[in-house]
Amino acid sequence: NCIDIAKEYGATDSINYKNGSILEQVLEKTNGKGVDKVVIAGGDVDTFIEAVTMLKPGGTIGNINYLGDGEFVKIPRAEWGVGMGHKTIAGGLMPGGRLRMEKLADMVMKGRIDPSRLITHRFEGLDKVEEALMLMKDKPRDLIKPVVTIKW
């Protein structure tokens with residue numbers, strides 16, 4: 001589902017873990033140079049090993065994945081540039097705040113962005129928030145994003 005939706009949004013290339021090593025696929029597509037940015041949207045604590053390895057010096061890894069298991073996130077020392085590679089890791093959900101949410105809502109309302117294709121599961125009512133959160137934790141195959149609407 002995600003690859004088809006990404007293509008609808010304009011993606012030209014994709015990497016699929018079912019087709020072998022993600023790292024090898026990225027390095028092949030970039031002629032061994034690696035990438036400027038990596039988004040981790042799935043995987044586990046070992047996913048960072050490949051992400052750091054495929055990242056160019058000065059690049060950024062954005063993690064939006066829930067890391068539910070494991071004691072440590074593994075960062076390979078040499079690929080990290082032995083601490084001098086200027087490789088940045090940022091993680092977390094989208095920052096909130098009234099101003100940011102108003103700007104995002106305005107962009108949707110004016111048609112500058114259309115997130116509707118990302119919504120795969122819809123719920124209504126505050127009592128459904130936990131169910132939607134559990135979907136994000138359990139990651140069923142057909143999930144991209146759940147949305148809970150609340151009518152006032």
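Two strands are counted as paired if DSSP finds at least two bridges between them, and the legends below apply this to a predicted model.

**View 1. The open sheet of three strands.** In this predicted model, 3 strands form an open sheet in the order β1-β2-β3, and their pairing is parallel. Strands β1 (35-40) and β3 (88-91) stand at the edges with a single partner strand each, so one side of each is left without a neighbour in the sheet. Direction ignored, neighbouring strands of this sheet are turned by 15° against each other on average.

**View 2. The pairing of β2 with β3, and helix α3 on the sheet.** Strand β2, residues 55-63, pairs with β3 in the parallel sense over 4 bridges, and Gly62 stands opposite Ala90 in β3. Helix α3, residues 47-54, packs on the sheet and touches β1, β2 and β3, while the direction of α3 makes about 145° with that of β2.

**View 3. The buried and exposed sides of helix α2.** In helix α2 (residues 22-29), the buried residues are Leu23, Gln25 and Val26; seen down the axis of α2, these buried residues fall within an arc of 165°, so they line one face of the helix. The buried residues of α2 pack against β1 and α3, whereas Glu24 and Glu28, on the other side of α2, are exposed.

**View 4. The two ends of helix α2.** Ser21 caps the N-terminal end of α2, with a side-chain oxygen that lies 3.3 Å from the backbone nitrogen of Leu23. Helix α2 is followed by Asn31, whose phi is positive, near 55°.

Definitions and conventions
Residues numbered from 1 in each chain as written. Predicted model: local features only at pLDDT ≥ 70, side-chain atom pairs only at ≥ 80, totals over all residues. Heavy atoms only, no water. Axes fitted to C-alpha atoms, helices over the stretch in contact; angles between N-to-C directions. Contact = heavy atoms within 4.5 Å. Buried < 20%, exposed > 50% of the residue type's maximum accessible area, 1.4 Å probe, protein only. Arc of directions from axis to C-beta. Polar contact = N/O pair within 3.5 Å; in protein donor to acceptor, adjacent residues only side chain to side chain.
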